[in-house]
Amino acid sequence: MAAIDLPSSGSFKLANARVHSSLTPGLASQFDGDGFALVDIDVADGRIKRIAPAAPERADATAIDLKGRIVLSCFVDCHTHIDKGHIWPRRPNPDGSFPGALDATDADRRARWTAEDVARRMDFSLRSAYAHGTKALRTHLDSAAPQDAISWPVFEDMRERWKGRIELQAVSLIGIDGVREADWFEQLAKRVAAARGVLGAVTYMVPDLDELLDRVFRAAIAHGLDLDFHADETDSVDAVSLRKIAEAALRHGFEGKILVGHCCSLARQPEHRVLDTLDKVARAGLAVVSLPMCNLYLQDRRHDGTTPRWRGVTLLHEMKARGIPVSVASDNTRDPFYAYGDLDMLEVYRMATRILHFDHPVADWPKTVAATPAEMMRLDGAGVLQAGGPADFIIFKGRSWTELLSRPETDRIVVRDGKPIKAELPDYAELDDLMVGA
Ligand SMILES: [Zn+2]
């Protein structure tokens with residue numbers, strides 16, 4: 001296949017692009033069994049002017065023929081930790097366990113997370129995400145004192161610097177126990193509101209969970225904040241904080257958006273409890289994000305010579321069937337919670353396809369890395385391809401799902417505002433000086 005050479009003018013025509021039904025709302029076309037249709041796309045002044053079924057009989061000699069290559073909207077990554085990213089060389093997880101991750105990260109944060117350290121690693125992460133085709137990203141920020149005073153200003157600065165390339169959002173991350181410090185928590189909620197952030201917490205089973213959740217919801221309502229939780233990242237059947245969050249949302253009549261990550265334990269619980277929880281989650285309007293790579297890494301890792309038996313992911317099929325909005329996202333990258341990863345949402349989708357069976361049929365699963373997280377993040381017009389919208393998309397080599405998901409597609413072409421970006425993945429060596437003294 002000849003190389004695709006896009007002009008830098010922001011205006012051109014693409015012929016025979018293969019687009020997916022789930023990411024092209026309103027497109028009147030015949031889609032095949034895999035959800036694909038061949039279309040022609042007109043781009044003018046950085047925006048999509050028209051998408052229409054491919055019409056070879058009216059072929060425009062000036063159009064760039066993609067010969068059936070897949071074109072997807074740019075990705076939206078709704079759950080990451082770019083404040084932790086890339087600390088692995090100086091602070092590895094000694095045994096790959098969840099407690100090992102907590103301890104190692106805690107030690108690293110206390111010793112090393114200056115504003116400069118956090119900023120440089122964040123920037124590295126954003127450059128990777130951008131080069132891979134991500135246009136919006138939500139990160140959690142470790143927000144227990146004194147880190148809150150360091151990381152939130154770094155985030156605000158980074159959001160400004162990345163404006164127009166990556167829409168950056170942040171969530172405060174603290175253990176639910178931290179909410180017991182009522183005055184401090186109120187200050188944190190104010191800080192988050194001042195930064196136009198999202199209020200969050202890690203929930204697990206503590207005796208006063210309902211009261212603590214009430215405090216979180218009251219703060220969110222008082223400050224007009226959306227919510228984002230880490231819930232039940234464990235195999236314990238007794239971990240039901242997802243249900244507790246849904247109950248709290250119903251109790252408070254909460255009208256903002258609530259995203260809940262992980263929910264691993266749900267997959268271990270008896271059917272009747274699962275159904276009860278899912279009913280409440282649907283009624284409360286919660287959305288769920290699964291983090292398949294991190295779950296596969298941390299869950300069911302035992303140190304007794306046994307092989308892991310379950311995948312660690314939550315019940316996305318059952319949730320989607322009930323109309324619960326579901327996404328998948330990167331989560332951690334090269335830190336003690338996950339030794340690998342590069343904020344490449346194609347990798348996340350590829351892994352999700354294998355771990356969660358996003359195939360046969362593919363149905364509308366592609367929304368999980370684009371349109372659905374965009375809606376959760378209140379990003380109007382992101383995660384879809386449509387006339388009038390920005391020309392933000394990725395041209396792949398693959399022409400079918402099996403071609404797309406079998407190779408890394410490192411030569412994908414990322415187009416932003418109608419122009420091919422020139423971004424390259426940053427070199428790991430750039431961070432070497434931060435890793436000294438490991
Ligand atoms: Zn997370």
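The legends below describe several close-up views of a predicted model.

**View 1. The zinc ion and its donor residues.**
In this predicted model, the zinc ion is coordinated by the NE2 atoms of H79, H81 and H230 together with an OD atom of D331, at 2.0 to 2.4 Å. The angles among the 4 donor atoms run from 86 to 176°, and the site of the zinc ion is irregular. Along the sequence, the donor residues follow the spacing H-x1-H-x148-H-x100-D. H81 belongs to the loop between strand 6 (75–80) and helix 1 (98–112), while D331 belongs to the loop between strand 13 (326–328) and helix 10 (345–356), so this pair ties together parts that lie 250 residues apart in sequence. H81 is buried, with a relative accessible area of 3%, and D331 is buried as well, at 1% relative accessibility.

**View 2. The surroundings of H79.**
H79, one of the residues that coordinate the zinc ion, is placed in strand 6 and counts as buried, at 0% relative accessibility. Apart from neighbours within four places in sequence, H79 is in contact with R138, H140, H230, G261, H262, V289, L291, A329, S330 and D331, and two of these residues, H230 and D331, are also donor residues of the zinc ion. H79 and N332 are 253 residues apart in sequence, yet their C-alpha atoms are 8.6 Å apart in space.

**View 3. T333 in its loop.**
T333 is found in the loop between strand 13 and helix 10, and with a relative accessible area of 2% T333 is buried. When neighbours within four places in sequence are left aside, the contacts of T333 are G85, H86, Y338, Y340, G341, D342 and L343.

**View 4. Helix 3 beside helix 4.**
The axes of helix 3 (residues 147–161) and helix 4 (residues 182–194) come within 11 Å and cross at roughly 10°, and the two helices are therefore roughly parallel to each other. On the side of helix 3 the contact is made by D148, W152, P153 and E156, and on the side of helix 4 by W184, L188, R191, V192 and A194. These contact residues divide into 6 nonpolar and 3 charged, with no polar residue among them.

**View 5. Two cis peptide bonds.**
Most peptide bonds are trans. The bond from A145 to P146, however, is cis, with omega near 5°, and P146 is placed in the loop between strand 7 (134–142) and helix 3. The bond from H360 to P361 is also cis, with omega near 10°, and P361 is placed in the loop between helix 10 and helix 11 (371–376).

**View 6. K320, and two residues with positive phi.**
K320 is placed in helix 9 (residues 316–321) and counts as partly exposed, at 27% relative accessibility. Not counting residues up to four places away in sequence, K320 touches V326, A363, D364 and W365. Of these, A363 has a positive phi of about 45° although it is not a glycine; A363 lies in the loop between helix 10 and helix 11 and is partly exposed, with a relative accessible area of 37%. K67, in the loop between strand 4 (64–65) and strand 5 (71–73), likewise has a positive phi, near 50°, and is a residue other than glycine. With a relative accessible area of 55%, K67 is exposed.

Conventions: Residues are numbered from 1 along each chain as its sequence is written. This is a predicted model: local features need pLDDT of at least 70, side-chain atom pairs count only at pLDDT 80 or more; totals for chains, interfaces and linings use all residues. Side-chain values use heavy atoms; hydrogens and water are left out. Axes are lines fitted to C-alpha atoms, for helices over the stretch in contact, and angles run from 0 to 180 degrees between N-to-C directions. Helices (H or I, at least four residues) and strands (E, at least two) are DSSP runs, numbered from the N terminus. Angles under 35 degrees count as roughly parallel, over 145 as roughly antiparallel, 65 to 115 as roughly perpendicular and the rest as oblique. Contact means heavy atoms within 4.5 Å. Ala, Val, Leu, Ile, Met, Phe, Trp, Tyr, Cys and Pro count as nonpolar, Asp, Glu, Lys and Arg as charged, and the others, Gly among them, as polar. Donors are N, O and S atoms within 2.8 Å of the metal (3.2 Å for Na, K and Ca); water is not among the atoms, so sites may look incomplete. Four donors count as tetrahedral if all angles lie between 85 and 135 degrees; four count as square planar and six as octahedral if opposite donors are over 155 degrees apart and all others between 65 and 115; anything else is irregular. Buried means under 20% relative accessible area, exposed over 50%, partly exposed in between (1.4 Å probe, protein chains only).
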